[in-house]
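Open your viewer and get ready to select residues by number. This tour goes from one aromatic ring to the next.

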Amino acid sequence: MGISKLAVTSVLAASVLAQGPSQPTPNPNSQYRLGPDSMPQEGVPKGEIRGPFTLPSQAYPGTQHTYWVYVPQQYDPAVPASLMIFQDGQAFKNPDGDLRAQNVLDNLIYRREIPVMLCVFINPGRTPEQPEPSPQTEWGDRTTNRPTEYNSLDDKYARVIVDELMPALYKEYNISKDPEQHGIGGASSGAIAAFTVAWERPDDFRKVLSIVGSFVNLRGGHVYPERVLESPKKPIRIFLCDGRNDNRGTGRGGTYDQTRDWFFQNVRLMKALAQKGYDLNYAWGMNLHGQKMGGAILPEMMRWLWRDGPVSTDPQDTVERGFRQPAKKPAESPGGKD
């Protein structure tokens with residue numbers, strides 16, 4: 001026998017009355033704060049951020065990409081370094097933002113929790129007349145090539161990174177050619193862009209960091225779980241994070257669209273990757289769409305992605321037991337100061 005609408009309404013009303021006066025809903029981001037790993041620390045050598053540099057694009061003719069290069073003090077040009085690349089570079093390097101990746105790199109490199117690595121902060125492509133995305137304006141969805149580059153499921157943006165950016169970096173720096181030493185990450189559309197680069201070019205990038213990734217139907221990204229299950233397993237390691245209060249697929253008019261539900265689609269991708277046996281980690285929080293949770297756990301995401309660096313267990317190995325000091329400066333030419 002069915003329950004009448006009146007009965008249901010009465011039950012709900014009684015439940016509300018039993019709970020007393022309604023309470024303000026807490027801000028879902030209120031519990032996420034940056035920890036000490038994301039802050040400058042006394043005694044920790046600070047890396048240098050070089051740039052901005054301009055990279056003309058052949059993959060997207062008429063556009064250019066602005067990028068910056070983080071170089072840790074421990075970088076030694078005689079020793080191949082690891083590499084991390086972050087999309088929406090302006091946001092990841094913002095010293096007052098939610099991510100502050102350069103501080104994370106300084107602290108974790110110093111404590112030997114990740115290898116010595118260079119890091120590239122790259123912005124989406126734009127024409128010379130278009131404004132540069134910045135924390136003070138917006139990330140470029142309305143003013144740059146960001147939606148096309150980051151959300152499209154093709155190999156064009158992978159060509160920007162692998163065929164255009166990497167040769168420029170190899171020319172200036174001693175970067176390991178080992179794809180296991182190449183990581184790439186981003187937030188929102190920058191996260192699906194990072195995943196697509198590794199998916200398309202796993203022989204070049206094998207570590208992916210995804211914060212509130214847009215694996216949704218902006219330009220077909222919701223099909224990745226099916227692609228993962230249907231394709232041969234690729235040598236990719238990935239850390240996903242998202243929140244239950246991310247964009248949940250309710251658009252104008254209040255109609256729910258499951259293909260535009262960020263959290264649902266991130267969970268779908270996680271399950272597909274797990275079923276396929278990928279090297280996978282993930283964290284689900286309460287956060288809204290943005291970088292609050294991702295910034296809070298960015299140090300742990302980096303530690304996990306880069307966890308398999310060589311480690312000495314020799315108790316007499318004083319170098320391994322010490323902090324990672326700045327690289328020694330090259331000796332000056334004869335006649336110079338000692």
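The stops below cover ring pairs first, then charges that sit over rings.

Keep in mind that this is a predicted model. A search of the whole structure finds 14 aromatic pairs. We visit some of them.

**Stop 1.** Select Tyr150 and Tyr157. Their rings form an edge-to-face pair. The centres are 5.3 Å apart, and the planes meet at 70 degrees. That angle counts as edge-to-face because it is over 60 degrees. Are these residues buried or exposed? Tyr150 is buried, with a relative accessible area of 0%. Tyr157 is buried too, at 3%.

**Stop 2.** Now select Phe195 and Phe215. This aromatic pair is also edge-to-face, with 5.7 Å from centre to centre and 90 degrees between the planes. Where do the two residues lie? Phe195 is in helix H6, which covers residues 189–200. Phe215 is in the loop between strand S6 (207–211) and helix H7 (224–230). The pair therefore ties together parts that are 20 residues apart in sequence. Show the surface next. Phe195 is buried, at 1% relative accessible area, and Phe215 counts as buried at 1% as well.

**Stop 3.** Keep Phe195 and Phe215 selected, and add Trp199 and Tyr224. Ring pairs link these four residues into a cluster.

**Stop 4.** Select Lys207 and Trp306. The charged end of Lys207 sits over the Trp306 ring, 4.9 Å from its centre.

**Stop 5.** Finish with Arg237 and Trp304. Arg237 lies over the face of Trp304, and the distance to the ring centre is 5.8 Å.

Notes
Residues are numbered from 1 along each chain as its sequence is written. This is a predicted model: local features need pLDDT of at least 70, side-chain atom pairs count only at pLDDT 80 or more; totals for chains, interfaces and linings use all residues. Side-chain values use heavy atoms; hydrogens and water are left out. Rings of Phe, Tyr and Trp (its six-membered ring) pair if their centres lie within 6.5 Å; planes under 30 degrees apart count as stacked, over 60 as edge-to-face and the rest as tilted. Buried means under 20% relative accessible area, exposed over 50%, partly exposed in between (1.4 Å probe, protein chains only). Helices (H or I, at least four residues) and strands (E, at least two) are DSSP runs, numbered from the N terminus. A charge sits over a ring if NZ of Lys or CZ of Arg is within 6 Å of the ring centre and within 35 degrees of the ring normal.
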